[in-house]
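Reader: Could you walk me through this model and show me how each label is earned? I would like to see the reasoning behind the words.

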Amino acid sequence: MTAQTYTGRFAPSPTGPLHFGSLLAACASYLDARANGGRWLLRIEDIDPPRAVPGADEDIVSTLDAFGFEWDDDVIYQSHSHEAHHAALDRLTDKGLLYRCDCSRRTLADEPVGELGTLYPGTCRTRKVGEDSAVRLTVDGSVSFDDELQGLQTMDLDEESGDFIVRRR
């Protein structure tokens with residue numbers, strides 16, 4: 001078994017200039033990666049074209065550079081990763097963990113709301129839905145992780161989110 005290498009990353013959306021809160025998040029991520037002897041990556045989340053501001057990605061990169069951040073690989077653009085995303089979706093589909101869903105926000109408006117938003121009731125789990133639809137991940141039970149500051153965190157996915165979208169329509 002090989003040792004796992006720590007990898008930190010900062011993934012801003014190119015919706016405008018880097019603001020102080022994002023700079024603070026980048027700093028925390030960068031310092032955590034360096035403190036753990038790990039790598040630090042910069043990934044531009046450019047997958048929401050209507051919200052993207054032309055040139056904002058270059059501005060973000062130059063701002064981080066001006067503050068002395070050093071990333072350990074080429075800048076990754078999320079929009080260039082479609083092949084890898086489709087391969088991951090195929091693996092999850094092969095395991096029977098994904099299904100298509102054509103529910104609209106209006107359809108779900110009367111559903112209960114949890115901390116993460118509307119609690120999806122599984123309406124499309126057993127329905128035959130067309131290819132031009134969203135894809136949801138079937139959730140069951142809870143997930144836990146150990147946060148360095150807050151300790152053990154546990155989320156009951158059934159009660160807090162329900163099946164969630166992993167690919168939009």
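Reader: Which strand is Trp40 found in?

Author: Happy to start there. This is a predicted model, and in it Trp40 belongs to strand β2, which covers residues 39–44.

Reader: Why is Trp40 called buried?

Author: Its relative accessible area is 0%. Buried means under 20%, so Trp40 earns the label. The surroundings of Trp40 include Phe10, Tyr30, Phe69 and Trp71, and among its other contacts are Arg34 and Asp72.

Reader: What makes Arg34 and Asp72 a salt bridge?

Author: The nitrogen-to-oxygen distance between their side chains is 2.7 Å. The cut-off is within 4 Å, so the pair qualifies. Arg34 sits in helix α1 (residues 20–35) and Asp72 in the loop between α2 and β3, so the bridge ties together parts that are 38 residues apart in sequence.

Reader: Why are Arg34 and Asp72 both described as partly exposed?

Author: Arg34 has a relative accessible area of 30%, and Asp72 has 38%. Partly exposed is the class between buried, under 20%, and exposed, over 50%, so both residues fall in it.

Reader: How many salt bridges does a search of the whole structure find?

Author: It finds six. One of them joins Arg51 and Asp48, at 3.6 Å from N to O. Asp48 is partly exposed, because its relative accessible area is 28%.

Reader: How do you know that Asp102 forms a salt bridge with Arg127?

Author: Their closest N and O atoms are 3.0 Å apart, and the limit is within 4 Å, so the pair counts. This pair links distant parts of the chain, 25 residues apart: Asp102 is in the loop between β4 and β5, while Arg127 is in the loop between β6 and β7. Both are partly exposed, Asp102 at 31% and Arg127 at 40%.

Reader: Now for an acidic residue in a helix. Where does Asp57 lie, and is it buried or exposed?

Author: Asp57 lies in helix α2, residues 56–66, and is buried.

Reader: How do you know that Asp57 has no salt bridge?

Author: The nearest side chain of opposite charge is Arg43, and it is 13 Å away. A salt bridge needs the nitrogen within 4 Å of the carboxyl oxygen, so Asp57 is left without one. Leaving aside neighbours within four places in sequence, Asp57 is in contact with Pro14, Ile44 and Tyr77.

Reader: What makes Leu152 exposed?

Author: Its relative accessible area is 62%. Exposed means over 50%, so Leu152 passes the cut-off. Leu152 is in strand β9 (residues 151–156), and beyond its neighbours within four places in sequence, Leu152 contacts Ser144, Phe145 and Asp146.

Reader: Why is the span of helix α3 called close to the expected one?

Author: Helix α3 has 13 residues (82–94) and reaches 18 Å from its first C-alpha to its last, against an expected 18 Å. The expectation is 1.5 Å times one less than the number of residues, so the two values agree as stated. Just after α3, Gly96 takes a positive phi of about 75 degrees.

Reader: To finish, how many helices and strands does the chain have, and what share of its residues count as buried?

Author: The chain has four helices and ten strands. Of its 169 residues, 28% count as buried.

Terms used. Residues numbered from 1 in each chain as written. Predicted model: local features only at pLDDT ≥ 70, side-chain atom pairs only at ≥ 80, totals over all residues. Heavy atoms only, no water. Helix = DSSP H or I, 4+ residues; strand = E, 2+ residues; numbered from the N terminus. Buried < 20%, exposed > 50% of the residue type's maximum accessible area, 1.4 Å probe, protein only. Lys, Arg positive; Asp, Glu negative; His and termini not counted. Contact = heavy atoms within 4.5 Å.
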